[in-house]
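Student: I'd like to go through this model piece by piece. Can we put it up and start with a single residue?

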Amino acid sequence: MKKQKITRLYLETLSFADLLELADSYKIDVPENLNRSFLIGDLLDAAEDEIKQEAADMTISIKNDGITESDETQSYNATEIDLILRNPAWAFVYWSIGEIDKLRLEQHGEYSLFLHVTSLAQENEKRSGDSYDVQISLEDKSAYIMCPAEKKFIYVELAASTVKNVSVLASSKIIEIPRSSRLADMQPGKEKDIASIMEFSGMRELLREHYKNHRQSFS
């Protein structure tokens, strides 16, 4: 039987004979009278081990090709999110999801991703501050978010929603927002003076565009 992407949903559609044939392709020793659910569990474990091995083989191949191991190589296939402050009003968020976490999510069927943005008055009050969610597509790898006004710290979590639950996949570090600028208090429709250099750089257009596409950031 030709191997294809192994998920619990896919395995549940197979007959027991097909499951046995698939187990044979993974070289799983199946005892007599093995329960169907146990066999499906063994197949999922075998598929996960195969993905881990492929990732390890690729890393070894990169090293053997004489490529210097960089930060990107070290974080290969990892689930992580990071946050960089662009200015007191805007932050750039970027993330990645490892193959193992993708496989686990796909076992639940359809799922969606979102960014959970939390702003804090004090750094040590984590998870007790104001927050909002930003929906992202499965293909997205980065996004700009607007820092809420009158807050001193911010961090972002990458989260997934399945039919069963909502889980946090990764959390960024907490970063401090400088308060020396009035940019964070600028919103479309508010009468705020903007310095000539900012006006020339297109700040008003940038605010309007972000408000149109990410209105929840202005809450």
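Student: Which strand is the place of Tyr111?

Tutor: Before we start, this is a predicted model, so local features need pLDDT of at least 70 and side-chain atom pairs count only at pLDDT 80 or more, while totals for chains, interfaces and linings use all residues. Residues are numbered from 1 along each chain as its sequence is written, and side-chain values use heavy atoms, with hydrogens and water left out. Strands here are DSSP runs of E with at least two residues, helices are runs of H or I with at least four, and both are numbered from the N terminus. On that basis, the strand covering residues 111–120, with Tyr111 in it, is β3.

Student: Is Tyr111 buried or exposed?

Tutor: Take the cut-offs to be under 20% relative accessible area for buried, over 50% for exposed, and partly exposed in between, using a 1.4 Å probe and protein chains only. Tyr111 comes out at 18% relative accessibility, so the label is buried.

Student: Which residues does Tyr111 touch, not counting residues up to four places away in sequence?

Tutor: Contact means heavy atoms within 4.5 Å. With that rule, and leaving out residues up to four places away in sequence, the list for Tyr111 is Leu105, Glu106, Leu138, Ser161 and Thr162.

Student: And where is Thr162, in which strand?

Tutor: Thr162 is buried at 12% relative accessibility. Beyond four places in sequence, Thr162 touches Leu105, His108, Glu110 and Tyr111. The strand that holds Thr162 is β6.

Student: What is the order of the strands in the open sheet of three?

Tutor: Two strands pair if DSSP finds at least two bridges between them. β1 and β2 are antiparallel over six bridges, and five bridges join β2 (residues 90–96) to β5, also antiparallel. The edge strands, each pairing on one side only, are β1 (80–85) and β5 (142–146). That gives the order β1-β2-β5.

Student: How many residues are in the hairpin connection that joins β1 to β2?

Tutor: One bridge between these strands puts Ile81 opposite its β2 partner, Trp95. The hairpin joins β1 to β2 through a number of residues equal to four.

Student: What is the bridge partner of Val93 in β5?

Tutor: Strand β2 runs antiparallel to β5, with five bridges joining them. For Val93, the partner in β5 is Ala143.

Student: How are the rings of Phe92 and Tyr144 paired: stacked, edge-to-face or tilted?

Tutor: Rings of Phe, Tyr and Trp (its six-membered ring) pair if their centres lie within 6.5 Å; planes under 30 degrees apart are stacked, over 60 edge-to-face, and the rest tilted. Two aromatic pairs meet that rule. For Phe92 and Tyr144, the centres are 5.1 Å apart and the planes are at 55°, so the pair is tilted.

Student: How many residues apart in sequence are the parts that the Phe92 and Tyr144 pair ties together?

Tutor: Phe92 is partly exposed at 24% relative accessibility, and Tyr144 is partly exposed at 40%. Ring pairs link both of them with Tyr94 into a cluster. Phe92 lies in β2 and Tyr144 in β5, so the sequence separation of the parts tied together is 52 residues.

Student: Which residues have the most contacts inside the largest nonpolar core?

Tutor: A nonpolar core is a set of buried Ala, Val, Leu, Ile, Met, Phe, Trp, Tyr and Cys residues joined through side-chain atoms within 4.5 Å. The elements giving two or more residues to the largest one are β1, β2, β3, β4 (130–136), β5 and β6 (153–162). That core has 24 residues, and those with the most contacts inside it are Leu115 and Ile145.

Student: What is the phi of Lys27?

Tutor: Most residues other than glycine have a negative phi. Lys27 sits in the loop between α2 (16–25) and α3 (36–64), and it is exposed, with a relative accessible area of 78%. Although Lys27 is not a glycine, its phi is positive, at about 60°.

Student: Last one: how far apart in space are Arg36 and Leu19, C-alpha to C-alpha?

Tutor: Arg36 is in helix α3 and is partly exposed at 28% relative accessibility. Leu19 is among the residues that Arg36 touches. They are 17 residues apart in sequence, and their C-alpha separation is 8.5 Å.
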